[in-house]
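Student: Please take me closely through one helix of this model. What does it pack on, and what else does it do?

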Number of protein chains: 2
Amino acid sequence: MKQLRGKSVKRFLKAAGAPAAELVFVLQDVEDAVNVGAAFRIADACGIREIVLAGISAHPPHPTIAGVGRGTHRRVPWHTTKYAASAVEKYREAGYVACALEVASDAVPYHTVAYPKKVCLIVGNEYRGVSQRTLDACDLAIYLPMYGKVRSLNVHVALAVATYHILHTQNPQ
Amino acid sequence: MKQLRGKSVKRFLKAAGAPAAELVFVLQDVEDAVNVGAAFRIADACGIREIVLAGISAHPPHPTIAGVGRGTHRRVPWHTTKYAASAVEKYREAGYVACALEVASDAVPYHTVAYPKKVCLIVGNEYRGVSQRTLDACDLAIYLPMYGKVRSLNVHVALAVATYHILHTQNPQ
């Protein structure tokens with residue numbers, strides 16, 4: 001078992017091919033540029049089709065988004081919009097199932113859902129979460145079980161866990 | 001679907017119970033206190049039994065670890081050690097299977113492994129990854145498929161994805 005470096009890593013990872021899932025992210029009022037930059041890096045890694053930066057979400061150009069995101073905002077399609085709910089509605093009209101990552105009253109554990117091919121994942125503000133208005137536009141809410149004292153993970157961490165799970169329940173090999 | 005707040009969130013999340021998996025983390029030379037703090041927060045969320053901070057890993061007391069980790073270094077057992085490989089060997093003697101999160105020559109996608117109950121997850125330095133010496137002490141190496149341009153995720157993001165996956169392949173409900 002040897003470490004791989006440089007071109008060997010590139011060759012090794014190329015074998016992954018393209019993900020079967022068609023995923024998009026809607027970030028509603030994600031204020032911290034670190035979270036937005038990390039979301040771009042995760043989006044690049046997971047073949048996300050588009051990111052919508054809604055409301056007061058931090059957006060490019062921004063040195064932190066470029067740094068944390070390793071410049072992936074230049075590769076992943078994105079746009080800003082005023083209302084997350086309108087973006088969610090547009091995706092639903094295009095056949096996406098809209099899943100809010102939020103501890104809402106009817107939320108289900110993220111790993112118990114049978115995801116369709118087209119999923120729109122919605123995350124909310126670092127303090128206030130996904131707003132009621134945005135929730136009302138979603139098909140369902142999912143959450144990550146928390147077995148400890150702290151009641152949440154960082155927005156980008158939760159987004160990465162849910163995204164990889166969806167990718168690999170659809171792309172098992 | 002209504003947002004939950006305060007005590008409702010606590011009650012809601014309490015239903016998760018305790019994870020079946022017995023997991024420990026070994027951080028080898030993880031220099032960035034943000035990654036170490038995030039690892040503590042993830043460890044708390046996932047019921048990790050212990051964290052070993054090896055080599056030049058940042059360690060408490062540290063304001064960034066306390067802040068990013070939300071004080072979880074006071075809840076999750078941890079200790080420092082000089083050599084990650086020695087910590088890994090001790091865990092293996094105690095019945096843990098040691099999985100390095102590293103793009104090594106024989107690495108397999110993280111979601112294709114049948115994990116046992118006791119797993120030791122090892123992550124490495126932000127730039128140099130898991131060292132050859134540490135790799136030699138591990139049972140296997142796993143990696144996250146990367147479908148984009150950037151060849152890696154942040155250490156703590158990759159750790160969270162692998163950890164939640166292991167938890168929920170063992171604790172499916």
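Tutor: The answer follows one helix from its helix partner to the sheet and then to the chain contact. This is a predicted model: local features need pLDDT of at least 70, side-chain atom pairs count only at pLDDT 80 or more, and totals for chains, interfaces and linings use all residues. Residues are numbered from 1 along each chain as its sequence is written, with chains lettered from A and ligands numbered from 1 in the order in which they are written.

The helix is H6 of chain B, residues 155–170. Helices (H or I, at least four residues) and strands (E, at least two) are DSSP runs, numbered from the N terminus. One partner of H6(B) is helix H2 of chain B, residues 33–45. Their axes come within 9 Å and cross at roughly 20°. Such axes are lines fitted to C-alpha atoms, for helices over the stretch in contact, with angles from 0 to 180 degrees between N-to-C directions. H2(B) and H6(B) are therefore roughly parallel (under 35 degrees; over 145 is roughly antiparallel, 65 to 115 roughly perpendicular, the rest oblique). The crossing of H2(B) past H6(B) is right-handed (the near helix is turned clockwise from the far one by less than a right angle; anticlockwise is left-handed).

Now the residues. From H2(B) come Asn35(B), Ala38(B), Ala39(B) and Ile42(B). They meet Val155(B), His156(B), Leu159(B), Ala160(B) and Thr163(B) of H6(B). Contact here means C-beta atoms, placed from the backbone, within 7 Å. By class, the H2(B)–H6(B) contact has 6 nonpolar, 3 polar and no charged residues (nonpolar: Ala, Val, Leu, Ile, Met, Phe, Trp, Tyr, Cys, Pro; charged: Asp, Glu, Lys, Arg; polar: the others, Gly among them).

Next, the sheet. In chain B, 7 strands form an open sheet in the order E3-E2-E1-E6-E4-E7-E5, with parallel pairing. Strands E3 (78–81) and E5 (108–109) are at its edges with a single partner strand each, so one side of each has no neighbour in the sheet. Inside the order, E4 (residues 97–101) and E7 (residues 140–143) of chain B pair in the parallel sense over 3 bridges (pairing takes at least two DSSP bridges). Cys99(B) stands opposite Leu140(B) in E7(B). H6(B) packs on this sheet and touches E1, E4, E6 and E7 of chain B. Its direction makes about 165° with that of E6(B). Helix H4 (residues 84–93) of chain B also lies across strands, namely E1, E2, E3, E4 and E6, and runs at about 165° to E1(B).

H6(B) also faces chain A. The chain contact takes 47 residues from chain B and 47 residues from chain A. Helices H1 (7–14), H2, H5 (132–136) and H6 of chain B each supply at least two residues of chain B's side. H6(B) gives the largest share of that side, 6 residues. In all, the side of chain B holds 26 nonpolar, 11 polar and 10 charged residues.

Last, the symmetry. A 180° rotation with 0.0 Å of shift along its axis superposes chain B on chain A, RMSD 0.0 Å (least squares on C-alpha atoms of residues with pLDDT of at least 70 in both copies). The two copies are thus related as by a two-fold rotation axis. Both use the same surface: 100% of the contact residues of chain B recur in chain A. In chain B, Val161(B) comes closest to the rotation axis, its C-alpha at 2.3 Å.

Conventions: Contact = placed C-beta atoms within 7 Å.
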